[in-house]
Amino acid sequence: MSEGEAAAHYESVANQLEQKIAALHSSPEATQAPEGANPRQNLYDLGDLLAHDSTKFHFLFENGLVSSKDALGMLAHSEPSFVKFYAWCTTVGSESKALEREVASLGGDVLLAFKAMLEVIVASAFTGPLPAEACGRVMKAAEQLKRLPKNEVTAVQRSLLRDAAAVKSVVTDVGEMVLAQDDEQDELAEASSKMQGMDVGTDASTAGATDFGDIMNMDVSLGTEELAVVKTCLVIIEACLAMQKAACRVLMAPVEEGEHTHPPARATLENLAQASIAFTRAAEDLGALSILDPSECREAGQHAVEALQHAATAIAALSANRAGVDEHVAATHALLLTAQTALAALP
């Protein structure tokens, strides 16, 4: 096989890895584990195997040009591991939606790192050497994979934190834009006041009027009403972030031991995770729509408030037998009311 054909096969495998990564983020059908198998350990072992394979690629290419035969032989050795690794990812992820999300992220990183390494090899036209960083990325991802949450509560906590990071970014971006608009409107008002108080002659007044008109007709990004919509949307977005923080605090609270103590129902944890995902998406939509198309904000706000209500219900259920969480539960009700009030104010 020629070098071109070998490169084409490497690119084909890289594309297959990309498809597997995308599939992991799309609720893939789970592979049934054989009886007696340990899915997590098998997944970790395959991650280690792929990391070990990456070092083999490094040593193969460290001395320069590699024949097509040797390059293809090395890749053929790893290809079955990709298939098995993906299969065990789907098996482990099937334990819950929150865990599925973590597996998609951490397992996907392993495949992404290997894909990047193959692309570096193709870009070098098999002449090497393969940078140690490319292999190191695979090894690091394989180690990170072993940080998968060991239980459903931890998985949901991580999911909430991941969502909170996304919502916080929206809060920051929209908040900065609001401050900038407020400053711009203050400057405009100050300029208007100064111009109105100027004592100009008859001839100069004509030119002055033109300048004043230019100032009053400045092309500001948002008008007063539009800015009010953005600020109202920001209230809902901030409520989403605060709800996620409250949920994390409740889940981290110690469980009080007692006769009726029992682990939280998986369905309730799942409802909380799904609600967080839903209002995170709605918050991101609100952030964009409040600037691009304020007329569409109400629908996105409705989605956010509905998801916040589901989250508040789940948090209340999860607070049972947990110490010191009353104030956090009370905060969720206040946040929900704040968001509902803001929604009612949207046009």
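The following exchange goes through a predicted model of one protein chain, from its overall fold to its pockets and selected residues.

Biologist: How many helices and how many strands does the secondary structure of the protein chain come to?

Modeller: In this predicted model, the elements of the protein chain, read from the N terminus on, run α-α-α-α-α-α-α-α-α-α-α. No other kind of element interrupts that series, and the secondary structure accordingly comes to 11 helices and zero strands.

Biologist: What share of the contacts in the protein chain with a separation of 6 or more comes from residues 24 or more positions apart?

Modeller: The protein chain has 347 residues, of which 43% count as buried. Among the contacts with a separation of 6 or more, those between residues 24 or more positions apart account for 86%.

Biologist: Which helices each supply at least two residues of the lining of the largest pocket?

Modeller: The largest pocket has a volume of about 390 Å³, and 17 residues line it, with His25, Glu100, Arg101, Ile277 and Arg281 lying nearest its centre. By residue class, that lining divides into four nonpolar, six polar and seven charged. The elements that each supply at least two of the lining residues are helix 4 (97–123), helix 6 (152–196) and helix 9 (266–292).

Biologist: How do the residues of the lining of the largest cavity divide into nonpolar, polar and charged?

Modeller: A search of the whole structure finds one cavity of 30 Å³ or more, and the largest cavity has a volume of about 60 Å³. Its lining is made up of Leu24, Pro28, Ala30, Cys89, Thr90, Gly93, Ser94, Glu100, Val103 and Ala104, with helix 3 (68–93) and helix 4 as the elements that give two or more residues. Sorted by class, the residues of this lining divide into six nonpolar, three polar and one charged.

Biologist: How many residues apart in sequence are the parts that the pair of phenylalanine 57 and phenylalanine 114 ties together?

Modeller: The count of aromatic pairs comes to four, and one of them joins phenylalanine 57 to phenylalanine 114 in an edge-to-face arrangement, at 5.8 Å centre to centre and with 85° between the planes. Phenylalanine 57 is buried, with a relative accessible area of 0%, and phenylalanine 114 is likewise buried, at 0%. Because phenylalanine 57 lies in helix 2 (residues 39–61) and phenylalanine 114 in helix 4, the pair ties together parts whose separation in sequence is 57 residues.

Biologist: Which residues does serine 54 touch, not counting residues up to four places away in sequence?

Modeller: Serine 54 has its place in helix 2, and it is buried, with a relative accessible area of 0%. Not counting residues up to four places away in sequence, serine 54 touches Phe114, Met117, Cys135, Val138 and Met139.

Biologist: Over the ring of which residue does the charged end of lysine 20 sit?

Modeller: Rings also appear elsewhere in the model, where ring pairs link Tyr10, Phe61 and Phe126 into a cluster. In the case of lysine 20, the charged end is placed 6.0 Å from the centre of the ring over which it sits, and that ring belongs to tyrosine 86.

Biologist: How far apart in space, C-alpha to C-alpha, are cysteine 297 and proline 347?

Modeller: Cysteine 297 has its place in helix 10 (residues 297–318) and is buried, with a relative accessible area of 1%. Leaving aside neighbours within four places in sequence, cysteine 297 is in contact with Val229, Cys233, Leu286, Leu289, Ser290 and Leu346. Cysteine 297 and proline 347 are 50 residues apart in sequence, while their C-alpha to C-alpha distance in space is 8.2 Å.

Biologist: Is serine 27, which has a positive phi although it is not a glycine, buried, partly exposed or exposed?

Modeller: The phi of serine 27 is about 50°, and serine 27 has its place in the loop between helix 1 (3–24) and helix 2. Since its relative accessible area is 39%, and partly exposed stands for values between the 20% and 50% cut-offs, serine 27 is partly exposed.

Biologist: In which loop is the place of alanine 125?

Modeller: Alanine 125 has a phi near 60°, a positive value in a residue other than glycine. Alanine 125 is partly exposed, with a relative accessible area of 29%, and its place is in the loop between helix 4 and helix 5 (132–145).

Methods: Residues numbered from 1 in each chain as written. Predicted model: local features only at pLDDT ≥ 70, side-chain atom pairs only at ≥ 80, totals over all residues. Heavy atoms only, no water. 1 Å grid on protein atoms, 1.4 Å probe; cavity = no way out; pocket = protein on both sides within 12 Å on 5 of 7 lines; lining within 4 Å. Points joined across faces, edges and corners; volume = space filled by probe spheres on them. Helix = DSSP H or I, 4+ residues; strand = E, 2+ residues; numbered from the N terminus. Nonpolar A, V, L, I, M, F, W, Y, C, P; charged D, E, K, R; others polar. Phe/Tyr/Trp six-rings, centres within 6.5 Å; stacked < 30°, edge-to-face > 60°. Buried < 20%, exposed > 50% of the residue type's maximum accessible area, 1.4 Å probe, protein only. Lys NZ or Arg CZ within 6 Å of the ring centre and 35° of its normal. Contact = heavy atoms within 4.5 Å.
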